[in-house]
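Below is a colleague's note for a reader who wants the contacts set out point by point. Please read it with the model open alongside.

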Amino acid sequence: MQTTDPLERYSRQMRLPGIGKAGQERLLASRVTLCGCGALGTVLANALVRAGVGFVRIVDRDFVEPSNLQRQVLFDETDIAENLPKAEAAARKLRQINSTVTIEPIVADINRSNIEDLCHDVDLILDGSDNFELRYLINDLAIKLSKPWVYAGAVGSEGMSMTIVPGQTPCLRCVFEAAPAPGEAGTCETAGVLGPAVGVIANFQAAEALKILSGNLAAINRDLLVLNLWDNIIRRVRIAPLAGRKGKCPCCALRRFEWLEGEHGTQTTTLCGRNAVQVSHRRSSRLDFETLAQSLRTSGSVTYNKFLLKFQLNENGEFYEFTVFPDGRAIIKGTSEPDKARILYARYVGY
Amino acid sequence: MIYLDNAATSYPKPSSVYEAMDHFARHHLANPGRAGHKMALTAEHTLDNARHRLNRFFNGRSPERWIFTLNGTDALNIAIKGVLRDGDHVVTTNVEHNSVSRPLVALAEAGRITLTRVSADGVGWVDPAAIEAAMTSRTRLVVVTHASNVVGTIQPITEIGRLVRSRDALFLVDAAQTAGVVSIDVQAMCIDLLAFPGHKGLLGPTGTGALYVGPRAEAIIRPWREGGTGGDSSSPTQPRELPYYLEGGTPNVLGIAGLIAGLDFVESQGPERLRQHEIALCEKVRHTLSALPGFDVFGPADPAQRVGTLSFRHHSLPAGDLAAILDQSFDIAVRPGLHCAPYIHRHLGTYPEGTVRISPGPFTSENEIDRLLAALQEITTGL
């Protein structure tokens with residue numbers, strides 16, 4: 001860049017009274033881990049890197065696919081042609097946007113064994129994920145290490161976000177003690193997703209991140225923000241009274257990190273010579289096949305009886321068959337890769 | 001019985017270990033990863049959880065790098081026989097247990113490898129410079145025990161690890177006497193392979209052990225035992241993925257359930273606190289015996305340099321006799337002899353009679369140590 005002052009590129013942002021030169025310098029010295037780099041994650045990464053957040057670690061397990069381009073703003077057709085992992089494709093683009101900050105792409109499935117390594121050296125954790133297992137894991141770790149994080153999710157034309165500052169705000173489990181059961185919440189694959197809805201909610205998250213990192217904790221949103229861009233609804237739900245849930249929140253009050261300790265969550269088993277992986281839950285739940293069948297019919301063919309639900313799917317030329325059981329367990333045929341099975345399960349059954 | 005043989009296997013275990021194993025055996029003892037039914041899944045979760053816990057405790061790179069073994073010896077054999085190739089040179093020390101020495105000497109005698117054994121100093125401490133001096137361009141592997149099972153000396157593992165890495169060899173550490181009582185960080189210590197039993201300082205049952213395989217070792221290690229892995233059965237040979245590559249056969253999931261209960265206890269107390277308890281008891285013995293006529297006590301004087309294992313002998317009473325009297329007349333269990341480590345005894349001048357070794361555990365009381373000391377005085381009075 002043809003400029004002598006390295007801060008010049010941030011001049012418009014520094015003019016904001018809440019940021020200024022001091023706030024900008026804090027942003028440049030701050031470190032963030034972004035968990036997931038899909039629709040939310042690309043918007044977040046874009047905003048943070050442009051704003052001059054000094055270090056952004058981007059962790060994602062997936063590769064860029066054609067159905068991502070409708071809303072995942074950092075990717076283009078070249079990334080698909082080159083079959084790039086999302087973390088790498090995003091880093092490549094982001095380095096063109098701002099070569100003065102550090103971007104660390106990591107292609108990995110975030111789990112309870114590596115999450116601490118990925119997040120221990122940052123000031124803020126951002127949720128760019130597509131599944132609840134990861135969100136509860138982030139919540140456990142953020143409370144354990146006393147680091148702020150910003151939750152968001154979007155499906156259909158709806159989005160939701162809340163900002164968690166340990167010791168100051170409710171944590172995710174104060175508000176939603178249990179994750180929705182498998183199949184209970186829609187996913188982008190089953191319910192669809194409106195690109196702008198993800199964009200709005202992720203930018204809201206990004207603004208929260210910039211407030212926290214520039215030292216403006218007083219300015220953060222302490223409510224649960226819920227919006228529906230199709231129905232023109234924007235709501236703020238007051239959650240402050242839920243903080244610690246009267247001393248009984250398992251996570252932030254009792255400090256039982258059940259997701260980090262592996263009491264909840266999924267496990268995968270590669271099944272003997274069948275090119276299939278079983279995804280199961282450490283604590284079993286009950287699935288409603290009728291609801292699940294309804295949500296899956298837009299993506300493939302579904303049949304079910306009271307013992308099992310079969311779902312056949314063609315995704316980018318690959319054929320997969322899900323056999324789902326009432327306790328949430330699923331055998332996914334068509335892959336022997338546990339990571340791929342987790343991705344498919346998160347997309348279609350939803351967890 | 002006053003049990004002072006925790007360096008061989010710890011006893012008693014925390015009661016939570018017995019309870020965890022009883023519960024697991026009655027409710028969940030299925031074959032993990034072979035079926036996918038509820039019990040098999042619980043068993044598999046127990047294994048996954050155990051790998052996660054070991055990985056966290058020893059700061060490994062990832063959980064699948066923790067291979068369950070029968071014991072420490074099994075882990076050492078998988079490591080040694082898995083990474084060595086014909087013509088390789090190996091550096092080890094004269095402090096090693098036979099579980100390291102015997103596989104190496106057998107390979108050397110068969111003409112497969114060449115072996116250099118570096119000597120410790122008078123208290124059983126190995127100088128990293130001596131290891132470095134022994135290394136050649138053919139050195140594939142350096143094997144060092146983290147702490148002597150005879151005199152308790154803790155070796156400078158981090159320094160040795162760094163220099164082995166700088167010379168591009170692999171570093172195998174035998175943590176039989178340290179896992180659970182000395183903090184180990186495999187990444188910071190540049191350890192490529194860490195072998196340990198589950199039934200000593202980690203307070204699990206016999207029949208358990210583990211081997212950590214770091215990325216540099218993973219690139220060359222080959223399976224020494226092959227068989228069923230529960231997944232990928234169509235492959236004609238062992239699947240390449242860890243841990244299955246090195247873990248053929250049904251794992252000891254019952255023992256592992258107990259091992260993790262033991263690790264829970266260790267983590268709740270903290271390794272350093274457990275070691276402090278044990279060395280304080282050993283110090284009392286060292287202090288008292290040093291003042292009594294006829295006793296020689298071995299190992300470093302500085303308690304910071306040792307684990308809770310102490311060797312001594314009496315001038316006129318062979319170690320075996322002394323141990324038999326302690327057992328027969330005082331109901332005190334100690335370990336006499338060479339402790340499967342003949343080279344260090346030769347070095348100390350205690351070969352072939354050996355020494356009496358005491359090794360207290362987390363549940364050993366000061367009163368029990370006082371009774372040992374009273375017994376020793378009574379036995380040796382007038383000799």
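The points that follow take up the contact between the chains, the domains of chain B, and a few individual residues and salt bridges.

1. The model is predicted, and the remarks here should be read with that in mind. In the contact between the chains, 16 residues come from chain A and 18 residues from chain B, and the two chains bury about 1400 Å² between them, with 40% of that area on carbon and sulfur atoms.

2. Between chain A and chain B the count is one salt bridge, in which the side chains of B:Arg56 and A:Glu261 meet at 3.3 Å, N to O. Across this interface there are also six residue pairs in polar contact, both residues of each pair being at pLDDT 80 or more. On the side of chain A that touches chain B, β9 (266-271) and β10 (276-281) of chain A each supply at least two residues, and β9(A) gives the most, with five residues. By residue class, that side of chain A divides into three nonpolar, nine polar and four charged residues.

3. Chain B is assigned domain 1 (2-9 + 270-380) and domain 2 (15-268), and the centres of these two domains, taken over C-alpha atoms, are 27 Å apart. Their contact takes 34 residues from domain 1 of chain B and 37 residues from domain 2 of chain B. Together the two domains bury about 2600 Å², 59% of it on carbon and sulfur atoms, and B:Pro271, B:Val307 and B:Tyr343 supply 22% of the area that domain 1 of chain B buries against domain 2 of chain B, more than any other three residues.

4. What kinds of polar pairing are counted between domain 1 of chain B and domain 2 of chain B? There are zero salt bridges across this interface, whereas the count of residue pairs in polar contact is 16, both residues at pLDDT 80 or more. On the side of domain 1 of chain B that touches domain 2 of chain B, α9 (271-291), β10 (310-314), α11 (342-348) and β13 (355-358) of chain B each supply at least two residues, and the largest share, six residues, comes from α11(B). The residues of that side divide into 18 nonpolar, eleven polar and five charged.

5. B:Thr92 sits in strand β3 (residues 89-93) of chain B and is buried, at a relative accessible area of 1%. Neighbours within four places in sequence left aside, B:Thr92 is in contact with residues including B:Val100, B:Leu104, B:Leu115 and B:Val143.

6. Over all chains the structure holds 43 salt bridges. One of them joins the side chains of B:Arg53 and B:Glu267 at 2.7 Å, N to O; because B:Arg53 lies in helix α2 (residues 38-57) of chain B and B:Glu267 in helix α8 (residues 253-269) of chain B, this pair ties together parts that are 214 residues apart in sequence. B:Arg53 counts as buried at 6% relative accessibility, while B:Glu267 is partly exposed at 30%.

7. A salt bridge within one helix is formed by B:Asp22 and B:Arg26, whose side chains meet at 2.7 Å, N to O. The two are four residues apart in helix α1 (residues 15-27) of chain B, and so are separated by about one helical turn. B:Asp22 is partly exposed, with a relative accessible area of 36%, and B:Arg26 is exposed, with 62%.

Technical notes:
Residues numbered from 1 in each chain as written. Chains lettered and ligands numbered in written order. Predicted model: local features only at pLDDT ≥ 70, side-chain atom pairs only at ≥ 80, totals over all residues. Heavy atoms only, no water. Contact = heavy atoms within 4.5 Å. Buried area = accessible area lost by both parts, 1.4 Å probe. Salt bridge = Lys/Arg side-chain N within 4 Å of Asp/Glu carboxyl O. Polar contact = N/O pair within 3.5 Å; in protein donor to acceptor, adjacent residues only side chain to side chain. Nonpolar A, V, L, I, M, F, W, Y, C, P; charged D, E, K, R; others polar. Domains from an automatic or database assignment. Buried < 20%, exposed > 50% of the residue type's maximum accessible area, 1.4 Å probe, protein only.
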